[in-house]
Amino acid sequence: MASKRRTSGKNKKTRRTRAASATRRTAPRFLSAAEAAEDCERLAVGHPEDREELLREAADAWRDAGEDERALAVYERLLDPESGGCGEPDEVDAWRISTLWDLGREEDARAAAASFRERHPRDASAWSLVAETFESANERVTAAEWYTAGVTHALGAGALVTAEVVGDFRDSFGLEELLIGRHRVRRLLGEGHDDWDDVADELHERRASPMPGRGRPLDELHDPLRLSRLAEGGPDALQAELQGPAGGLRARERSSTGPLRACVLFWPPDEFGVLLEHWPSVADAYGDDHTGHLRQVERTLRELSDEGATHLAAGRATADGLRAHAEAHGCSPDTPAARSGYAAELARKGLATDWPPPRNGPCWCGAGRKYKKCCGNPALG
């Protein structure tokens, strides 16, 4: 099932928050989620031009810290016109509905969802968030209705739905998530394939790695029997999935400061070139196109999230690091075992970046753009 922490790929302002960026430069490396939330709330007072973005980061951090009541208070503050309001009330309201549900306030969440629907918003990402809330509660029929209604409201009743239309839509990623989420719950409900499911299949193929045979069809990913086996099999079943066709790209390891994590290696542009120069055979696993490689990493992480994996991470790989790991363990750097072991080492030492990043945080790939405008939005890749 989809992770509710995913970010939208909406065409919002692209500049980084100045105050938040300054905080990241001066903050301790292991700043806790609660401390980050407090910093963002404090900075929002002194930087009104960045108020909304800072408060949304604060709410995300409070949720990461397990302080859902604090997160709810921030969302309600953003929605209060007397407190300044916000520019994207529908998406903020969707996060508020999700938080209400997580707090066990089901009646309030349903009432808020009904009010949301009565407004007939056109924000695809907001509809997807509410649909995911019902899906998380195993209310699949309701979730399917919300995914369908979201597509209809975003595009307009009677609009043609094709992969090209989705790609040209102002919030292409949010609309794509609606269609793929709809495919997922309809598959679980045993519904027959329809035209919109065909569009979801095509969108998934475009999102997947360009390397032939690497991606799984959407029907297979959403197969109820497969998902049931994964749920019943626990860590062992998930471990078998991790050691599948992409063996050596990812590994599970307990970090020095946290729980067991699934770590996926990614190579920055310069290191990617060095990697292929020294060990050309790794192109069989990574391809020879860096943009495609980043898409592959993001796709792998999303598939793991869809399969129910938690504590995911992206490990920034270097050729020297891989070489050192291989020498220390008596193996060749161009083998899947070496790459898998190197990924595990990065996770174990706490040197991998948690995935997904905060909705307005910098992308895991190090490009300097927000995640939702970079690898978090496959339509821009």
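Student: Which residue in S4 does Ala 314 stand opposite?

Tutor: Thr 353. Bear in mind that this is a predicted model.

Student: What makes S3 and S4 a pair?

Tutor: Two strands count as paired when there are at least two bridges between them. Four bridges join S3 to S4. The criterion is therefore met. The two strands run antiparallel.

Student: How do you know that S3 is mostly covered?

Tutor: Take the cut-off first: a buried residue has under 20% relative accessible area. Strand S3 spans residues 312-316, and four of its five residues are buried.

Student: What is special about the peptide bond between Trp 355 and Pro 356?

Tutor: Omega there is about 0 degrees, and the bond is cis. Most peptide bonds are trans. Pro 356 sits in the segment after strand S4, which covers 352-355.

Student: Now the helix H5. How does its reach compare with the expected span?

Tutor: H5 covers residues 89-102, 14 in number. From first C-alpha to last, H5 reaches 20 Å. The expectation at 1.5 Å a residue is 20 Å, and the helix comes close to that.

Student: Why is H5 called largely enclosed?

Tutor: Because eleven of its 14 residues are buried, H5 is largely enclosed by the rest of the structure. Among the buried ones are Trp 95, Arg 96, Ile 97 and Trp 101. Charged side chains appear on that list too, including Glu 91 and Asp 93.

Student: What do the buried residues of H5 pack against?

Tutor: Four helices: H3 (51-64), H4 (68-79), H6 and H7. Packing here rests on contact, with heavy atoms within 4.5 Å.

Student: Which glycine follows H5, and what is its phi?

Tutor: Gly 104, with a positive phi near 85 degrees.

Student: What makes the phi of His 120 worth a look?

Tutor: Its phi is positive, near 55 degrees, and the residue is not glycine. Most residues other than glycine have a negative phi. His 120 lies in the loop between helix H6 (106-118) and helix H7 (124-136).

Student: Why is His 120 called exposed?

Tutor: Exposed means over 50%. His 120 has 52% relative accessibility, so it counts as exposed.

Student: And Asn 138: where is it, and what is its phi?

Tutor: Asn 138 is in the loop between H7 and helix H8 (140-155). Phi is near 65 degrees, again a positive value in a residue other than glycine.

Student: Is Asn 138 buried or exposed, and how do you know?

Tutor: Exposed, because its relative accessibility is 58% and the cut-off is over 50%.

Terms used:
Residues are numbered from 1 along each chain as its sequence is written. This is a predicted model: local features need pLDDT of at least 70, side-chain atom pairs count only at pLDDT 80 or more; totals for chains, interfaces and linings use all residues. Side-chain values use heavy atoms; hydrogens and water are left out. Buried means under 20% relative accessible area, exposed over 50%, partly exposed in between (1.4 Å probe, protein chains only). The expected span of a helix is 1.5 Å times one less than its number of residues.
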